[in-house]
Each structure stands twice: as C-alpha cells, then as structure tokens.
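Student: Please take one part of this structure and go through it closely. I would like to follow the charged side chains and see how their surroundings fit together.

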Amino acid sequence: TSSRIWSVVLLQILMSCAECWMKLKENATHQWGTGTEQYYAKEDGVDYAVSGGFDLIVTHHPFIFKPLSKITDENYRIIKKFMENGISVLSYHTRLDSADGGVNDVLAETLGLENIVPFGGETENIGRMGSLEKEMTQNEFAYLLKEKLGCDIRCAVNEEKTVKSVAVVGGAGKDYIFEGISMGADAFVTSEVPHHLFIAAREMG
C-alpha cells in the first residue's frame with residue numbers, strides 16, 4: 001500500500017543518512033495514508049493539508065529545529081492544527097543533503113567536479129569533495145560559481161592562490177569548513193557563513 005511504501009522509503013533515508021545529533025525514532029511503526037510535499041511547514045501549507053485530508057507533510061526544512069523556548073501565537077496555532085488533525089511532519093534537510101544523489105552530489109556535479117568523494121560529520125558523508133578539470137585562480141572560480149549556480153555569491157578571495165580541490169556542503173555548512181580545509185580543499189562552497197568564519201577563511205586563503 002502507499003502507506004507502507006512511505007514508511008519504508010522515508011525511514012530508510014532517516015536511518016542511513018542521520019548524524020548523531022538528529023532526533024530519530026528507530027522503532028517507529030506509524031503508517032500514513034496520504035502525504036503532501038512542502039519546503040517549510042508553514043501555516044498556509046498546514047491548512048492545505050487539513051483541507052485535503054492529508055495526514056503527513058514531508059518538508060525540506062524542519063518545523064522545529066531547536067527546542068522551543070516559548071510558545072507564540074504562531075507556533076501554537078500550527079502545533080494545535082497538527083495535533084487536532086492527526087498530521088505528522090517528516091523533515092529531511094540534512095539527510096537529503098548527504099544522501100547518494102542528493103543535494104551535495106548535485107551541487108558537486110553542477111560545478112563540474114571530478115573524482116567526487118564524501119566527507120564530514122559523524123557519518124563522514126555530509127559534504128562532497130572533488131577536483132576541477134583544470135586549476136584556476138580564485139577569481140576565476142568565483143565567476144564559475146556565479147555562472148553555474150545562477151545566483152549572487154560572496155567570496156573570500158586571495159588573488160595569489162589557485163583552486164583545484166573543492167569541498168561543497170549545501171545549506172549552512174559552516175561546521176565543516178575546517179574539516180574540508182584539513183582534507184586539502186582549496187575552496188569551500190556553502191551558504192549562511194557567519195562573519196567571523198568568513199574572515200577566518202579569507203585569512204587562510
């Protein structure tokens with residue numbers, strides 16, 4: 001049935017790609033009937049699930065990432081709707097980042113990296129590292145990033161150094177910068193880097 005397929009496939013992703021800090025329930029036996037996919041579990045999305053009779057929402061970003069320090073009108077309304085309507089939420093952000101063929105594999109392939117290998121985290125599988133076809137200056141690599149990703153970028157550039165080995169971690173991969181550098185990365189591609197780490201990366205070249 002569709003519920004058994006959902007249960008098996010989604011829980012396999014959970015267990016195979018999870019880091020030690022992720023909250024998992026290994027003996028979960030709940031089965032779902034119908035599900036809807038969303039980027040965030042925002043209130044309008046929850047209302048859509050309620051009106052459509054869905055009992056499962058699958059999201060990229062989790063509704064609750066850190067423990068709630070207080071109950072606000074907004075999160076109380078959403079939690080209340082989950083509970084009253086028997087709706088579960090499964091979120092797979094980091095798991096889908098690290099999964100084979102997931103976000104980081106696609107990012108590495110988009111940049112044209114070769115000899116791609118996993119690295120990072122307890123699973124040693126969070127990010128990806130590979131080599132460019134040809135060595136280039138950091139400025140050239142910055143232009144390559146902008147062209148391939150089609151977005152504005154911010155770079156810590158040392159004009160005297162070149163790039164051959166590249167580490168990538170989609171999303172907020174700041175915790176893996178030094179791990180990537182220790183593995184020999186000439187460049188580290190990620191998002192949401194705090195100012196002090198950006199400055200540190202610039203100083204390290």
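Tutor: Start with Lys146, which is partly exposed at a relative accessibility of 39%. Keep in mind that the model is a predicted one. The side chain of Lys146 meets that of Asp152 in a salt bridge, with 3.1 Å from N to O. Asp152 is exposed, at 68% relative accessible area. The count for the model comes to six salt bridges, so the other pairs are worth a look as well.

Take Glu84 and Lys80 next. Their side chains form a salt bridge of 2.6 Å, N to O. Both residues belong to helix H3 (residues 73-85), and because they are four residues apart, about one helical turn separates them. An α-helix has 3.6 residues a turn, so residues three or four places apart point the same way. Glu84 is exposed, with a relative accessible area of 55%, while Lys80 is partly exposed at 34%.

Arg128 and Asp105 make a salt bridge of 2.7 Å, N to O. This pair joins distant parts of the chain, since Arg128 is in strand S5 (residues 127-137) and Asp105 is in helix H5 (residues 103-110), 23 residues apart. Arg128 has 3% relative accessibility and counts as buried. Asp105, at 12%, counts as buried too. The cut-off for buried is under 20% relative accessible area.

Salt bridges also link Glu43, Asp47, Arg77 and Lys81 in a network. That leads to helix H2 (residues 43-52), where Gly45, Val46 and Ala49 are buried. Viewed down the axis of H2, these buried residues lie within an arc of 100°, so they line one face of the helix. Asp44 and Ser51 are exposed on the other side of H2. Gly53, just after H2, has a positive phi of about 75°.

Return now to the part of the chain around Asp152, where two cysteines can be checked. The model has zero disulfides. Cys151 is in none, and the nearest cysteine sulfur to Cys151, that of Cys155, is 9.9 Å away. Cys155 is likewise in no disulfide, and the nearest sulfur to Cys155 is that of Cys151. A disulfide needs the two sulfur atoms within 2.5 Å, so a separation of 9.9 Å does not qualify. Cys151 is partly exposed at 35% relative accessible area, and Cys155 is partly exposed at 27%.

One more feature concerns empty space. Rolling a probe the size of a water molecule over the atoms shows where such space is left. The second largest pocket holds about 850 Å³. Its lining has 35 residues, and the closest to the centre are Arg154, Ala156, Phe188, Val189 and Thr190. Several elements each supply at least two lining residues: helix H6 (138-149), strand S6 (162-172), helix H7 (177-182), strand S7 (187-191) and helix H8 (195-204). By class, the lining consists of 23 nonpolar, seven polar and five charged residues.

To recap the charged pairs: Arg128 and Asp105 meet in a salt bridge, with Arg128 buried and Asp105 buried. Asp152 and Lys146 also meet in one, but there Asp152 is exposed and Lys146 is partly exposed.

Key:
Residues numbered from 1 in each chain as written. Predicted model: local features only at pLDDT ≥ 70, side-chain atom pairs only at ≥ 80, totals over all residues. Heavy atoms only, no water. Buried < 20%, exposed > 50% of the residue type's maximum accessible area, 1.4 Å probe, protein only. 1 Å grid on protein atoms, 1.4 Å probe; cavity = no way out; pocket = protein on both sides within 12 Å on 5 of 7 lines; lining within 4 Å. Points joined across faces, edges and corners; volume = space filled by probe spheres on them. Nonpolar A, V, L, I, M, F, W, Y, C, P; charged D, E, K, R; others polar. Salt bridge = Lys/Arg side-chain N within 4 Å of Asp/Glu carboxyl O. Arc of directions from axis to C-beta.
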